[in-house]
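Student: Can we go through this one together? I'd like to work from the model itself.

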Amino acid sequence: MVTTTTTNGDTTITLSPNRSADWQDIRLWLFILSIPALIVGVGWFALGVWIILPFVGLELGLLSYFMYKVCYQNYRKQQIVINEDTVTIESGIHQPDQKQIFLRPECYLLATKPNHPIERLALTLTNQSTSLPIGEFLNPKDLELTRRSLVNAGLIECSNRWWDRS
């Protein structure tokens, strides 16, 4: 999801992944999914096939772990503040834990356009010494919206396919 706001000459672009469920929804889904698995496991245990029950627990444990990791990554966020002198990027999960400041005249947007339909657009804010990927967690539509928002905010765009205006 891309949101852009402009106040007093400062443009703030906030990037976050599209999320259809939060942690509460995922816990409810895991609980509902675990009921039939536990019924089958306990049923086999009651019939004397006790070896099934640990595998049911392992399956539910791994599913819960991976769902937690995916949900946790969906709380990532990047905030780009563009003003007359600097471009500031703060990124992190739940709260900013990384901050990068680029000086404005020498900072530009490098758009690496895909060569094949299966590849994605890659955006990088860069200057002569530092490069920082932008919006790696966004879908292709939001990446294009981010690119247009950064260019509209006044950043110079350089492309690996400069002859292609699309």
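Student: Which residues in helix 2 are buried?

Tutor: Keep in mind that this is a predicted model. Buried here means under 20% relative accessible area. In helix 2, the residues that are buried are V56, L60 and C71.

Student: Where do they sit around the axis of helix 2?

Tutor: Their arc around the axis is only 30 degrees, which puts them on the same side of helix 2. As for what covers the buried residues of helix 2, that includes helix 1 (23–46). So around the axis, V56, L60 and C71 share the same side, in an arc of only 30 degrees.

Student: What should helix 2 span, and how far apart are its end C-alpha atoms?

Tutor: Helix 2 runs over residues 52–73, so that's 22 residues at 1.5 Å a residue. The expected span agrees with the distance between the end C-alpha atoms: 32 Å.

Student: On to charges: which residue forms a salt bridge with E144 at 2.4 Å?

Tutor: E144 is partly exposed, at 27% relative accessibility. Its partner lies three residues apart from it in helix 3 (residues 140–152), so about one helical turn separates them. That partner counts as buried because its relative accessibility is 12%. With the closest N and O atoms 2.4 Å apart, the residue is R147.

Student: Which residues are joined into one network by salt bridges that share partners?

Tutor: E157 pairs with R147, their closest N and O atoms being 2.9 Å apart. That pair links distant parts of the chain, strand 9 and helix 3. R148 also forms a salt bridge with E144, at 3.9 Å. Through shared partners, the network joins E144, R147, R148 and E157.

Technical notes
Residues are numbered from 1 along each chain as its sequence is written. This is a predicted model: local features need pLDDT of at least 70, side-chain atom pairs count only at pLDDT 80 or more; totals for chains, interfaces and linings use all residues. Side-chain values use heavy atoms; hydrogens and water are left out. Helices (H or I, at least four residues) and strands (E, at least two) are DSSP runs, numbered from the N terminus. The expected span of a helix is 1.5 Å times one less than its number of residues. Buried means under 20% relative accessible area, exposed over 50%, partly exposed in between (1.4 Å probe, protein chains only). The arc is that of the directions from the helix axis to the C-beta atoms. Contact means heavy atoms within 4.5 Å. A salt bridge is a side-chain nitrogen of Lys or Arg within 4 Å of a carboxyl oxygen of Asp or Glu.
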